[in-house]
Amino acid sequence: MKKLLKIQAELKCPKGSVNAFGKYKYRSAEQILESLKPVLQKHESTLILTDEIVEFGSKLFLKATARLLNDEGDVKVTGFAELGEHKGMSSEQCTGTASSYARKYALNGLF
């Protein structure tokens with residue numbers, strides 16, 4: 001897909017956050033999306049993100065799919081994050097954390 005190649009070449013999203021504990025830089029899914037939206041508009045493309053809970057063996061995972069659509073067709077990439085208990089977090093917070101992580105890696109795989 002020519003448009004996907006152009007989007008990949010134009011997208012710039014520096015690592016704009018720092019993990020104080022691990023002392024490393026990273027980019028969030030929100031930062032990727034903020035950088036991506038004007039590039040998608042320029043190339044008349046749409047991004048759809050979806051989440052699904054899947055089971056592998058005895059473990060639950062959140063499967064995020066990033067789907068790029070335009071007049072050339074569509075491409076899908078998935079990312080996974082294990083759903084689990086985290087000390088001090090509600091089940092909703094754990095699911096939200098897994099969604100953010102899986103979406104970020106689906107976006108990274110696509111773009």
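1. Let's start at Glu10, which is partly exposed, with a relative accessible area of 31%. Its side chain meets that of Lys42 in a salt bridge, at 3.1 Å from N to O. The two residues sit in distant parts of the chain, with Lys42 in helix α2 and Glu10 in helix α1, 32 residues apart. Lys42 itself counts as exposed, at 59% relative accessibility. Keep in mind while you look around that this is a predicted model.

2. That pair has company, as the count comes to 5 salt bridges. Another one joins the side chains of Asp71 and Lys3, at 3.0 Å from N to O. Asp71 belongs to the loop between β4 and β5 while Lys3 is in helix α1, so this contact ties together parts that are 68 residues apart in sequence. The two ends sit in opposite settings: Asp71 is exposed at 65% relative accessibility, but Lys3 is buried at 15%.

3. A further salt bridge to click on is Lys59 with Glu82, at 3.9 Å from N to O. Here Lys59 is in strand β4 and Glu82 in strand β5, so the pair ties together parts 23 residues apart in sequence. Both are partly exposed, Lys59 with a relative accessible area of 42% and Glu82 at 43%.

4. Now for the sheet those two strands belong to. It is an open one of 3 strands, ordered β3-β4-β5, with antiparallel pairing. β3 and β5 are the edge strands; each has a single partner, so one side of each is left without a neighbour in the sheet. On average, neighbouring strands are turned by 20 degrees against each other, direction ignored. Between β4 and β5, the antiparallel pairing runs over 10 bridges, and Asn70 stands opposite Gly73 in β5.

5. What packs on this sheet? Helix α3 does, touching β3, β4 and β5, and its direction makes about 140 degrees with that of β5. The helix covers residues 91-110, which is 20 residues, and reaches 29 Å from its first C-alpha to its last, close to the 28 Å expected at 1.5 Å a residue.

6. Stay with α3 for a moment. Its buried residues are Cys94, Ala98, Ser99, Ala102, Lys104, Ala106, Leu107 and Leu110. What covers them includes α1, α2, β2, β3, β4 and β5. Ser99 is one to look at: its relative accessible area is 11%, and buried means under 20%, so Ser99 qualifies. Leaving aside neighbours within four places in sequence, Ser99 is in contact with Asp51 and Leu62.

7. On to the nonpolar interior. As background, nonpolar side chains tend to be buried together in soluble globular proteins. Here the largest nonpolar core has 17 residues, and the members that touch the most others are Leu36, Leu47, Leu107 and Phe111. At least two residues come from each of α1, α2, β3, β4 and α3, with the largest share, 5 residues, from α2.

8. Which residues does Leu107 touch, not counting those up to four places away in sequence? They are Ala29, Ile32, Leu33, Leu36, Leu47, Leu49 and Ala66. Apart from the largest core lies another, of 6 residues, among them Leu62, Ala81, Leu83 and Ala102. Leu62 is a residue you have met already, as a contact of Ser99.

Conventions. Residues are numbered from 1 along each chain as its sequence is written. This is a predicted model: local features need pLDDT of at least 70, side-chain atom pairs count only at pLDDT 80 or more; totals for chains, interfaces and linings use all residues. Side-chain values use heavy atoms; hydrogens and water are left out. Helices (H or I, at least four residues) and strands (E, at least two) are DSSP runs, numbered from the N terminus. The expected span of a helix is 1.5 Å times one less than its number of residues. Buried means under 20% relative accessible area, exposed over 50%, partly exposed in between (1.4 Å probe, protein chains only). Contact means heavy atoms within 4.5 Å. Two strands pair if DSSP finds at least two bridges between them. Axes are lines fitted to C-alpha atoms, for helices over the stretch in contact, and angles run from 0 to 180 degrees between N-to-C directions. A nonpolar core is a set of buried Ala, Val, Leu, Ile, Met, Phe, Trp, Tyr and Cys residues joined through side-chain atoms within 4.5 Å. A salt bridge is a side-chain nitrogen of Lys or Arg within 4 Å of a carboxyl oxygen of Asp or Glu.
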